[in-house]
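Open your viewer and get the cartoon and side chains ready to toggle. We will take a short walk through this model, one selection at a time.

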Amino acid sequence: MNLYDSKILLVDDNRELAAMIQNILRRSGYIHVDCAESCAEGMRKFCLEEPQLVILDIMLPDGDGFSLFRKMREKAETPILFLSAKDEDNDRLFGFGLGADDYITKPFLSQELILRVGAVLKRAYFMPGKTGPGSAEEEPVLKLGGHEISFSNASVAYGKKTLSLTAKELQILKKLNENRGKIVTFDALCMAVWGDAYYGYENTLMVHIRHLREKIEDDPSSPKWLLTARGLGYRLKKED
């Protein structure tokens, strides 16, 4: 699939702004950009069209973008970029804590939107060496005590339970596993997850680490495997 063939779904009830965003994306080469004005319409089109990227407003007439995000992620791990007039740190961290791929605040520059959309799509589908669905190359299972992590399925099995990993959690865990036993710096982890535009994501990284520990540790408040190297980064402990 070519980058510009990616299907993009924009969910925003401001028709004038939605039309402007649609024009910006189409002028930059994206030919499949559809719009929805509500949570209900957005969810219907999400299930019907199966877009490669969702641009999601937070304030919608029949609900909020955070709740719609959760419903969408129950169906698929589609990359989602929040678009909001809110620029408070709590809103940003909450959005990233849910597993959002990016967050852009209105008003924004046209070029900023294009760069962020392109960066999210490239990370999700076009990274060199990325193993796509149905590939014959399967990644190994990572065992952390009683937890078994499948990289190919983005899941954690523990006893009779199976938990799903978000795209961000999976990227973090892969980077740590590639350097198992060694400290991976904050910058290196942020670069692995957000690419070149990683600056300023350290607090967001901490949120993802917390959620990841809740899935792979017996006691997330006293982690055994995903350890903090204070002031430096994180380390995935080797088997004893």
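Which helix gives the most to the lining of the second largest pocket? Helix H3 does, with three residues. Keep in mind as you look around that this is a predicted model.

**Stop 1: the pocket**

Select H3, residues 65-75, together with H4 (89-98) and H8 (202-216); these are the elements that give two or more residues to the lining of the second largest pocket. Now show the side chains of the lining: Phe-69, Arg-70, Arg-73, Glu-77, Gly-97, Leu-98, Ser-164, Leu-165, Thr-166, Glu-169, His-211 and Lys-215. The volume of this pocket is about 310 Å³. If you color the lining by residue type, you will find five charged, four polar and three nonpolar residues.

**Stop 2: two helices that cross**

Keep H8 on screen and add H7, which spans residues 186-194. The axes of H7 and H8 come within 10 Å and cross at roughly 80°, so H7 is roughly perpendicular to H8. Two packed helices are described by just this pair of values, the angle between their axes and the distance between the axes.

Which residues meet here? From H7, pick Phe-186, Asp-187, Leu-189, Cys-190 and Trp-194; from H8, pick Glu-202, Thr-204, Leu-205 and His-208. The residues of this contact divide into five nonpolar, two polar and two charged.

**Stop 3: two backbone details**

Next, zoom in on the loop between strand S7 (102-105) and helix H5 (110-125), where Pro-107 lies. Is the peptide bond from Lys-106 to Pro-107 cis or trans? It is cis, with omega near -10°.

Then move to the loop between helix H2 (39-49) and strand S3 (53-57) and select Glu-50. Phi of Glu-50 is near 50°, a positive value in a residue other than glycine. Turn on the surface as well: Glu-50 has a relative accessible area of 56%, so this residue counts as exposed. As background for this stop, most residues other than glycine have a negative phi, and most peptide bonds are trans.

**Last stop: the whole chain**

Zoom out and color by secondary structure to see eight helices and 14 strands. The protein chain has 240 residues, and 46% of them count as buried. Finally, try coloring by residue number and look at what touches what: among contacts between residues at least 6 apart in sequence, 59% join residues at least 24 apart.

Terms used. Residues numbered from 1 in each chain as written. Predicted model: local features only at pLDDT ≥ 70, side-chain atom pairs only at ≥ 80, totals over all residues. Heavy atoms only, no water. 1 Å grid on protein atoms, 1.4 Å probe; cavity = no way out; pocket = protein on both sides within 12 Å on 5 of 7 lines; lining within 4 Å. Points joined across faces, edges and corners; volume = space filled by probe spheres on them. Helix = DSSP H or I, 4+ residues; strand = E, 2+ residues; numbered from the N terminus. Nonpolar A, V, L, I, M, F, W, Y, C, P; charged D, E, K, R; others polar. Axes fitted to C-alpha atoms, helices over the stretch in contact; angles between N-to-C directions. Parallel < 35°, antiparallel > 145°, perpendicular 65-115°, else oblique. Contact = heavy atoms within 4.5 Å. Buried < 20%, exposed > 50% of the residue type's maximum accessible area, 1.4 Å probe, protein only.
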